[in-house]
Amino acid sequence: MTATSSDREQLRPGLWATVNERYPGSMITKSDLVPLTKLGKPLAASRLTFVSTAGVQPRGTLPFDVTHPVGDYSFRRVPSSAEPADLEIHQLKYPTAGANRDLNVVFPLERLRDLVAEGAIGALTPDVYSFIGYNMDPERLERTLAEEIAAAVAADGAEAALLAPA
Amino acid sequence: MTVARDVTTHLKPPRAVFVPFMMGHHFGVPFHRDLQRRVILEALARLTRAEQSGEIHDIPVTWAQARREGIAIEQAMGLRA
Amino acid sequence: MSLQYLKDAAARHDAEALIRYVRLHLGDGDEGRGRREIDKAWVEALKPLLDVPPTDREFIHETLSTKDPATLAHLFFDLHFYLVKRSGEWIHDGNL
């Protein structure tokens, strides 16, 4: 069967408009583009990190705060060696139907490790990073959470990052 | 990675890869290792291939096909009748 | 709603804007559902008390008299989610 152009468009159309109508001012808008920095060496020789808003965290750690009306501005380190069974999701605002059966659909640690084993990726940082995307204060998100994760990623010696909002 | 092109257009990350998948399913469907792997590799390829900041690269996949393939994989694994 | 939007609404005593936000939050993005969820939480709060079992009033009294208002308000949100989860009907599937 041939894919039509509509099959290639976003599954949930008008997301930006919907979120803005419901939660005015909660979304981050940038007017400028960030200059592109090319990776200085092959991916196969680079150390990669992963940053996710999926609310994935090691089992038994303080759950992300999914009830606070203004959100949770903390992040968790997740060992890149963690098995899916060691992890759990605390986040209400995206569909977790797939992730509940195979975490790799939103937090693909096993696939990333496969790619390291194959030599396609040089290495993973010891930890990857996770937070929840339901936050009503985008200015605080940028000023605190984003900066804290960026500092931690840099301290880990990451040369590239894969970012996946949930 | 994005499943919301309109949101990404406002956010203007230097590199983005769009997949027409359900929210929370950026890397595909359960147990579909090949698709999960392919999405990651296509995203990481932008590290060296992206030429212009702000470009959103489309991965030529569809949700319907991903789901069909996922169902076939689960049937082969005995997870689904 | 951004935090500033909510603060502005609070400053002008715009209860409609504030409760709309609460309903959206509790209703998984659906205001009508949020309204029903609030009712559901109160029904769930009432049900365990109908047989009048002993409850830990010292705990309640001490919590209310020693904890700060923000912690108690936060607890109120947590209790809402606790009660609706107990109902067995969990609407939060994350589908916008």
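This briefing walks through chain B, its contact with chain A, one pocket lined by chain C, and the salt bridges. Keep in mind that this is a predicted model. A good place to start is the contact between chain B and chain A, which buries about 4100 Å² between them. Another thing to look at is the second largest pocket, with a volume of about 940 Å³.

**Chain B on its own**

- Chain B has three helices and two strands.
- If you follow chain B along the sequence, the elements come in the pattern α-β-α-β-α.
- Taken along the principal axes, the box filled by the C-alpha atoms of chain B is roughly 45 × 25 × 15 Å.

**Where chain B meets chain A**

- On the chain A side, 49 residues take part in the contact, and chain B brings 45 residues.
- Carbon and sulfur atoms account for 65% of the area buried between chain B and chain A.
- Three residues to pick out here are H10(B), M23(B) and F27(B): they supply 14% of the area that chain B buries against chain A, more than any other three residues.
- Polar contacts turn up here too, with 23 residue pairs counted between chain B and chain A (both at pLDDT 80 or more).
- Several elements of chain B help build the side that touches chain A: α1 (5-11), β1 (15-18), α2 (33-49) and α3 (63-76) each supply at least two residues.
- Out of these, α2(B) gives the largest share, with nine residues.
- Sorted by type, the residues on the side of chain B that touches chain A are 24 nonpolar, eleven polar and ten charged.

**Salt bridges**

- Side chains of opposite charge can pair when their charged atoms come close.
- Over all chains, the structure holds 23 salt bridges.
- Between chain B and chain A, the count is three salt bridges.
- One to look for joins the side chains of E9(A) and R5(B), at 3.4 Å from N to O.
- Within chain A, the side chains of E142(A) and K30(A) form a salt bridge at 2.8 Å, N to O.
- E142(A) sits in helix α3 (residues 138-155) of chain A, while K30(A) is in the loop between α1 (15-22) and β1 (47-52) of chain A, so this pair ties together parts that are 112 residues apart in sequence.

**The second largest pocket**

- Rolling a probe the size of a water molecule over the atoms shows where empty space is left.
- The lining of the second largest pocket takes in 27 residues, and the ones nearest its centre are W42(C), A45(C), F76(C), L79(C) and L83(C).
- Four helices of chain C each supply at least two residues of that lining: α2 (15-26), α3 (31-46), α4 (57-66) and α5 (69-86).
- With ten residues, α5(C) provides the largest share of the lining.
- By type, the lining of this pocket divides into 21 nonpolar residues, three polar and three charged.

Note on methods:
Residues numbered from 1 in each chain as written. Chains lettered and ligands numbered in written order. Predicted model: local features only at pLDDT ≥ 70, side-chain atom pairs only at ≥ 80, totals over all residues. Heavy atoms only, no water. Contact = heavy atoms within 4.5 Å. Buried area = accessible area lost by both parts, 1.4 Å probe. Salt bridge = Lys/Arg side-chain N within 4 Å of Asp/Glu carboxyl O. Polar contact = N/O pair within 3.5 Å; in protein donor to acceptor, adjacent residues only side chain to side chain. Nonpolar A, V, L, I, M, F, W, Y, C, P; charged D, E, K, R; others polar. 1 Å grid on protein atoms, 1.4 Å probe; cavity = no way out; pocket = protein on both sides within 12 Å on 5 of 7 lines; lining within 4 Å. Points joined across faces, edges and corners; volume = space filled by probe spheres on them.
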